[in-house]
Amino acid sequence: MKSNLWKIFILLSIVCLFSARGGADAQELISSTTAEQVPLTEASESGKKIYTQLMYAIYLQSFDRDLDAVKRLYDALVEQVPESAYVWYKRGQLRFHRLQDVKGAEDDTLEALKLNPSHVPANWLLAEILMLHESHSRGNYIVEALKAAKKVTELDPDHLGAHQRVANLASELQEYAAVETSLKALTRILPFEPEFHRRLGRLYLITNKPLEAIDAYQRVIKITPNDLMTLRIVGRLYLDTGKLAEAEQTFKHILTLVPQDVGGNLGLGLVLQRLAEQALASSNKDPKSEKTDLQTLIRDAETYLGRAIFFSKDFINNPRNDVQRAYFERLAIDAQFALANVYFLYKKYEKAEETFEQLLADNPEHTGATYGIAAVYQTIGAFEKAETYLRKTLKIEPGHEYALNALGYLFAVQEKNLDEAEALVKRALEKSPTNGAYLDSLGWVYFKQGRIAEAVTLLEEANQQLPDNAEILMHLGDAYLENGEPDKARGVWQQAQTIEPDNDDIQERLKQ
């Protein structure tokens with residue numbers, strides 16, 4: 001007898017080492033208030049046998065030993081203690097994970113949950129069963145599976161598997177609030193696992209929360225500082241949100257890691273382009289302000305964008321890179337488009353035209369390049385070509401408001417197709433009713449149509465929207481003069497002269 005008891009003691013000790021949770025749940029089968037030195041009764045002897053039988057079943061199940069015997073042990077146990085949720089759960093677990101008896105596992109799990117709806121392992125097993133059904137049902141069980149996984153997270157906020165399932169299933173259903181909740185829980189449970197922070201960043205991109213996305217991706221970078229893909233994403237997010245200093249630092253870090261990185265060169269070129277645009281706008285607004293070295297900015301932007309084009313095409317032309325060819329083709333297009341805009345910005349019109357033409361040769365439907373080359377032609381006075389490309393832009397994208405306004409203004413400048421010009425600019429204003437440039441265009445169309453009073457009203461409104469624009473002031477002065485208000489005309493022309501003192505058109509007006 002002593003020998004058998006010793007074996008039982010050893011067995012229980014071993015089981016407890018790998019099944020502390022199971023042992024704890026199994027305590028529901030015996031009394032927890034048994035006083036010391038109380039003589040064993042028939043009930044206590046029965047409880048001891050049940051407990052030993054259960055622990056032996058758990059031991060065999062854990063090591064995949066004689067599963068048929070384990071099944072027989074659980075069959076006996078559910079007969080002896082049918083009120084035990086844990087026993088029903090354990091048999092369901094055996095059926096599902098070891099015996100592939102999904103129907104039996106589901107029946108046992110539901111029985112366990114009838115007895116104890118808050119039993120975490122049984123709720124998780126039900127979620128696993130429903131997810132298996134979902135994998136074979138093409139969506140018929142996804143809502144039930146998500147509901148079951150959510151319940152597990154409510155009962156156990158630190159349940160790793162349940163939060164992962166909620167994040168996955170809720171993503172399919174586009175229940176982004178639930179996805180965010182579970183991903184945040186996962187980053188709390190495993191704070192140094194970058195994938196959960198990365199997924200949270202992707203979620204914020206989908207839900208248009210760029211600042212939150214930056215924070216999530218920055219956590220990835222703290223864990224894996226040289227993650228190039230994440231660095232590229234963060235750099236573009238900084239660029240898109242106007243954080244140019246942070247964007248520049250990020251792209252420079254990428255290039256210290258991989259100087260030939262296409263995304264890094266493209267990103268840095270775009271940052272420098274944006275900085276140059278800001279510097280140029282500031283210089284035009286206040287000529288006496290401290291000037292940034294614009295020539296250095298354009299030279300550096302041209303250098304990095306050119307590198308991006310070169311390295312991307314070098315990658316594209318390598319036949320071993322078929323898988324990522326489309327990605328690098330997109331980067332090459334973006335770099336060419338940005339470079340052409342840099343040339344246009346700094347009045348290098350021949351280079352701008354050449355670069356836009358190269359882009360359009362391979363991508364004839366590129367809306368930005370089509371409009372861009374039209375803007376080049378309009379600026380240099382090649383109005384026929386400008387009209388051709390503006391009409392082509394509107395054919396590709398009928399609601400392109402910049403093209404609508406540009407074509408309408410082009411007709412006003414040429415004093416032709418004025419009714420069409422009016423209609424075009426009005427369509428642009430429907431999209432942006434307070435845009436000063438569009439108001440100026442329509443005011444100038446009215447001026448050319450002889451509708452002077454209406455022209456004055458619109459040009460005054462345009463001047464309110466863009467008070468430091470010399471062209472608008474010239475137009476407004478012309479309208480005042482035609483309206484019989486020469487003093488007002490001279491006043492706005494003089495204001496225009498302070499903005500562009502070397503403008504010959506303003507000088508001619510002031511001589512009148």
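Helix α5, spanning residues 85–97, carries both Y86 and Y89, which sit three residues apart, about one turn of the helix. The model examined here is a predicted one. Within it, Y86 is buried, its relative accessible area being 2%, and Y89 is likewise classed as buried, at 9% relative accessibility.

Aromatic pairing offers a good way into the rest of the structure. The count of aromatic pairs comes to 11. Among them is the pair formed by Y86 and Y89, with ring centres 6.1 Å apart and planes at 45°, a tilted arrangement. Since tilted pairs are those whose planes are neither under 30 degrees nor over 60 degrees apart, the 45° between Y86 and Y89 explains why this pair is placed in that class.

A further pair joins Y327 and F328; here the geometry is edge-to-face, with 5.0 Å from centre to centre and 80° between the planes. Of these two residues, Y327 is partly exposed at 26% relative accessibility, whereas F328 counts as buried at 11%. Elsewhere, Y56, Y59 and F63 come together as one aromatic cluster.

Helix packing comes next. Two packed helices are described by the angle between their axes and the distance between the axes. For helix α24 (residues 452–465) and helix α25 (residues 470–482), the angle is about 150° and the axes lie 9 Å apart. Angles over 145 degrees count as roughly antiparallel, so α24 and α25 belong to that class. The crossing of α24 with α25 is left-handed.

On the α24 side, the contact is made by I452, V456, L459, E460, A462 and N463. Their counterparts in α25 are I472, L473, H475, L476, A479, Y480 and E482. By character, the residues of this contact comprise nine nonpolar, two polar and two charged.

Two loop residues deserve a look for their backbone geometry. K347, which is not a glycine, nevertheless has a positive phi of about 60°. This residue is found in the loop that links α17 (325–345) and α18 (349–362), and K347 is exposed, with 61% relative accessibility.

E415 is also a residue other than glycine with a positive phi, in this case near 55°. The loop between α21 (401–414) and α22 (418–431) holds E415. With a relative accessible area of 52%, E415 is exposed, because exposed residues are those over 50%.

Methods
Residues numbered from 1 in each chain as written. Predicted model: local features only at pLDDT ≥ 70, side-chain atom pairs only at ≥ 80, totals over all residues. Heavy atoms only, no water. Phe/Tyr/Trp six-rings, centres within 6.5 Å; stacked < 30°, edge-to-face > 60°. Helix = DSSP H or I, 4+ residues; strand = E, 2+ residues; numbered from the N terminus. Buried < 20%, exposed > 50% of the residue type's maximum accessible area, 1.4 Å probe, protein only. Axes fitted to C-alpha atoms, helices over the stretch in contact; angles between N-to-C directions. Parallel < 35°, antiparallel > 145°, perpendicular 65-115°, else oblique. Left-handed = near helix turned anticlockwise from the far one by under 90°. Contact = heavy atoms within 4.5 Å. Nonpolar A, V, L, I, M, F, W, Y, C, P; charged D, E, K, R; others polar.
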